[in-house]
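Reader: I'd like a close look at the empty spaces in this model, please. Take me through them one by one, with whatever residues and elements surround each.

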Amino acid sequence: MKWATRAGVHIDRAACAWLIRRHIDPEPEFVFVDDPARVPADATPFDMRGAELSHHGHDCSFETILRRYELDDPVLWKLAEIVHEADIDDERFDAPEARGVDVILRGLSMICDDARVLEITTPVFDGLYEFHRRALLLGREPA
Amino acid sequence: MAGTAGQWVLLAYRIPRQPSTLRITIWRKLDRLGVARLGDGLVALPADARTREQLEWIAEEIVEMEGTATVWLAVAGSMAQEKAIAEEMRRARAAEYRAVIVQAEAAASARPGERSRTVKRLQSELRRIGRRDYFPPAEKETAQRAVRALAEAVVAEGTR
């Protein structure tokens, strides 16, 4: 399937792309556009003004996608807290990782293009997921 | 210290009177971003990828609550006008930094437990102010120094 989002990806869009790849569409094709009017007709837009898979109320796009696709894995919701704080920074959640993840993503967007950002961040989110999966099973921080 | 931003992003909006909680939510979000209020339902921020995105999300939220909102990129009609707005924003942040300085100084004589809690709180507060500080005033450095001194005192206390 084809998915479209705004060019210049940061935390929310990178995390959404990872979520789509891992939980919705194993072979996604991502398109980056500067203008919402340029979204290809056969693509599903996300994290763009006017799109269904976008910010709604207090939710960032990552949280919207979790709700819309009924992904109720608690580990994904833990990652959602980090993405929410890194993106919106409204202190709704206690996610100290958020600041670091946000800075890493902002730095990456300065040195590589969007396709490369997604390539680099895929294992980053895989790792974050695994860390929090083990933490949840153990009930404490894994080694 | 940049006196001007060049390009600005503006949000022109109208929010329905009721329910008032939604109006308050939007006002809080705008305050958090440190916007310059140019008039009734018109706010501005120096334009960059982040500020533009933040105002676009707020615009979207206002539209979802049946209000109207448009986002614009703009340049001030005169340098003097822009400087006055920037100065107003700098003064607003300076007052916030001064409040941090006062609290950091007061905490120097507080009990150790309370002091370490205050350090954490003031560090977060500095980070929040920093994110909406587009034209840093001199007070920024003083506030950072005051909080750092307090943090060092807390660490010294713990190792004694």
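Author: The second largest pocket has a volume of about 430 Å³. (A pocket is an open set of points on a 1 Å grid over the protein atoms alone, with protein on both sides within 12 Å along at least five of seven lines, and its lining residues have an atom within 4 Å of a point; the volume is the space filled by probe spheres set on the points, which are joined across faces, edges and corners.) Bear in mind that this is a predicted model, where local features need pLDDT of at least 70 and side-chain atom pairs count only at pLDDT 80 or more, while totals for chains, interfaces and linings use all residues. Residues are numbered from 1 along each chain as its sequence is written, chains are lettered from A and ligands numbered from 1 in written order, and side-chain values use heavy atoms, leaving out hydrogens and water.

So who sits around that second pocket? Its lining counts 16 residues, and those nearest the centre come from both chains: A:Arg6, A:Ala7 and A:Asp34, plus B:Arg52 and B:Glu56. The top contributor is H2(B), which supplies 5 residues. Sorted by class, the lining holds 8 charged, 5 nonpolar and 3 polar residues. (Asp, Glu, Lys and Arg are charged; Ala, Val, Leu, Ile, Met, Phe, Trp, Tyr, Cys and Pro are nonpolar; the others, Gly among them, are polar.)

Now for the largest pocket, at about 570 Å³. Here 25 residues form the lining, with A:Ile88, A:Asp89 and A:Asp90 from one chain and B:Lys29 and B:Arg32 from the other lying nearest the centre. Three elements of chain B put in two or more residues: helix H1 (20–33), helix H2 (49–64) and helix H4 (112–131). H2(B) tops the list again, this time giving 7 residues; it also gave the most to the second largest pocket. Charged residues number 14 in this lining, alongside 6 polar and 5 nonpolar ones.

Since chain B keeps turning up, here's its layout. It has 5 helices and 4 strands (DSSP runs numbered from the N terminus: H or I of at least four residues for helices, E of at least two for strands). In sequence order they read β-α-β-β-α-β-α-α-α. The C-alpha trace of chain B spans about 60 × 40 × 25 Å along its principal axes. Of the 160 residues in chain B, 38% are buried (under 20% relative accessible area with a 1.4 Å probe, protein chains only).

What about closed spaces? Searching the whole structure for cavities of 30 Å³ or more turns up 1 (a cavity is a set of points where a 1.4 Å probe fits but cannot get out). The largest cavity comes to about 40 Å³. Around it you'll find A:Ala14, A:Ala17, A:Trp18, A:Arg21, A:Phe30, A:Leu118, A:Thr121, A:Thr122 and A:Phe125. Helix H1 (11–23) and helix H5 (114–138) of chain A each give two or more of the lining residues. Nonpolar residues make up 6 of this lining, with 2 polar and 1 charged.

Pause on A:Trp18, one of the residues lining that cavity. A:Trp18 belongs to helix H1 of chain A and counts as buried because its relative accessibility is 3%. For a sense of distance, A:His58 is 40 residues away from A:Trp18 along the chain, and their C-alpha atoms are 21 Å apart.

Terms used
Buried means under 20% relative accessible area, exposed over 50%, partly exposed in between (1.4 Å probe, protein chains only).
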